[in-house]
Amino acid sequence: MAKAGGKGVNLKDKLDGNELDLSLSDLNEVPVKELAALPKATILDLSCNNLTSLPSDFCSLTHVVKLDLSKNQLQQLPSDFGRLVNLQHLDLLNNRLVILPVSFAQLKNLKWLDLKDNPLDPILAKVAGDCLDEKQCKQAAIRVLQHMKAIQSEQDRERQRRLQAEREMEKKREAEQRAREAQERELRRREKAEEKERRRREYDALRAARQEMETQTKKESSEIPKLSSVSHPSQLPRHRRSWFQALLKLLLLMFLCALSTVAVCRVTELQRQSLCISVNVLYEDVVTALQSHKIVQNILHQNSQQ
């Protein structure tokens with residue numbers, strides 16, 4: 001069912017053979033679903049309505065051969081209008097069309113076209129010309145199709161140029177990417193080689209230092225017995241001399257202490273003390289012994305001379 005003047009209309013009642021007349025039906029939109037259910041309606045008259053646009057699914061009505069859309073308010077046709085490949089007769093008189101979709105070039109069976117009384121683009125208007133009789137309308141169809149095919153070809157070429165430019169740009173980007181990757185690989189290879197060379201130098205230096213240390217250790221080990229054999233005898237006399245000097249110092253100190261004690265006990269008033277008396281007696285015994293020892297030495301000396 002479709003709306004016409006606010007009332008429901010049965011499209012089958014409008015169908016006369018293969019012609020469906022919906023003109024003067026006060027239509028605001030095209031009943032596409034109902035039309036698709038009537039594949040017999042190859043001639044469709046939608047003139048003198050209030051249509052401002054056609055829905056995109058209108059182009060699914062590929063069974064339509066003759067289409068009258070004159071005296072509406074259409075501002076543009078669907079972009080895929082070229083899907084109506086069986087269309088032979090098209091009346092677009094007195095609408096508000098400025099340009100036609102590029103897909104219009106696919107209407108290869110179009111034989112009749114009327115574009116009068118539309119605010120067409122000047123170039124398109126010149127190509128279409130007048131449609132005052134059958135011959136002019138047929139020429140208009142031929143010229144407009146050729147014009148739209150030229151536009152389509154130019155757009156295809158432009159699209160191909162863009163695609164080619166995009167492909168070349170993509171190849172350039174890929175080449176630059178490969179160059180960057182190659183440069184990065186080369187940089188990593190150099191860094192790895194430099195790191196390997198640095199580690200090799202460190203290893204060689206460490207090995208040379210270890211060998212030098214082992215050589216020095218062997219040399220010192222071979223020199224230790226010689227040094228021991230040379231230095232040991234000289235160290236013993238020094239060691240003994242140090243002990244001997246300490247012993248002499250101790251004896252000298254004891255001797256000085258004894259002399260001091262004797263002097264104190266013989267000169268001072270302490271000589272009457274019991275300790276000093278013992279010291280004096282000891283001193284006199286020592287002096288007597290020394291004198292006797294001197295006498296003995298003299299005798300021995302005289303005997304040795306004889």
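Two strands are taken as paired if DSSP finds at least two bridges between them. On this basis the predicted model contains an open sheet of 6 strands, arranged in the order β3-β4-β5-β6-β7-β8 with mixed pairing. The edges of the sheet are formed by β3, residues 15-16, and β8, residues 112-114, each of which pairs on one side only. Strand β7, residues 89-91, is joined to β8 in the parallel sense over 3 bridges. Within this pairing, L90 has L113 of β8 as its bridge partner.

In total, the secondary structure amounts to 5 helices and 8 strands. Along the sequence these elements follow the pattern β-β-α-β-β-α-β-β-β-β-α-α-α. The protein has 306 residues, of which 25% are buried. Of the contacts between residues at least 6 apart in sequence, 34% join residues at least 24 apart. The accessible surface is about 22100 Å², and carbon and sulfur atoms account for 55% of that area.

The largest nonpolar core comprises 41 residues, and those with the most contacts inside it are L46, F58, L67, F81 and F104. Two or more residues are given to this core by each of α2 (32-36), α3 and α4 (134-267). The most come from α4, which gives 4 residues. The surroundings of L67 illustrate how the core and the sheet meet in the contact lists. Not counting residues up to four places away in sequence, L67 touches L44, L46, F58, F81, L87, H89, L90 and D91. Among these neighbours, L46, F58 and F81 are listed with L67 as residues with the most contacts inside the core, while L90 is the residue bridged to L113.

The loop between β7 and β8 contains V102 as well as N94. V102 touches M148, I151, Q152 and Q155, leaving aside residues up to four places away in sequence. The C-alpha atoms of V102 and Q155 are separated by 8.7 Å, although the two residues are 53 apart along the chain. V102 has a relative accessible area of 22% and is therefore classed as partly exposed, since the buried class requires a value under 20%. N94 is likewise partly exposed, with a relative accessible area of 36%.

Most residues other than glycine have a negative phi. N94 departs from this pattern, with a positive phi near 55°. C48 also has a positive phi, of about 60°, although it is not a glycine. C48 is located in the loop between β5 (43-45) and β6 (66-68). Its relative accessible area is 31%, so C48 is partly exposed. C59, by contrast, is buried, with a relative accessible area of 0%.

The structure holds 1 disulfide, a covalent bond between the sulfur atoms of two cysteines. The disulfide is formed by C131 and C137, with their sulfur atoms 1.4 Å apart. The link of C131 and C137 is right-handed, with 100° about the S-S bond. Both cysteines fall under the 20% limit for burial: C131 is buried because its relative accessible area is 6%, and C137 because its relative accessibility is 2%.

C131 is also in contact with K116, a residue of the loop between β8 and α3 (122-128). A polar atom of the K116 side chain lies 2.8 Å from the backbone oxygen of C131. Not counting residues up to four places away in sequence, K116 touches L92, L93, N94, C131 and L132. The contacts of K116 thus include N94 and C131, of which N94 belongs to the loop between β7 and β8 and C131 to the disulfide with C137.

Note on methods. Residues are numbered from 1 along each chain as its sequence is written. This is a predicted model: local features need pLDDT of at least 70, side-chain atom pairs count only at pLDDT 80 or more; totals for chains, interfaces and linings use all residues. Side-chain values use heavy atoms; hydrogens and water are left out. A polar contact is a pair of N or O atoms within 3.5 Å; within protein, one must be able to donate a hydrogen and the other to accept it, and residues adjacent in sequence count only if both atoms are side-chain atoms. Contact means heavy atoms within 4.5 Å. Buried means under 20% relative accessible area, exposed over 50%, partly exposed in between (1.4 Å probe, protein chains only). Accessible areas come from the Shrake-Rupley method with a 1.4 Å probe; for residues, only the protein chains shown count as cover. A disulfide is a pair of cysteine sulfur atoms within 2.5 Å. A nonpolar core is a set of buried Ala, Val, Leu, Ile, Met, Phe, Trp, Tyr and Cys residues joined through side-chain atoms within 4.5 Å.
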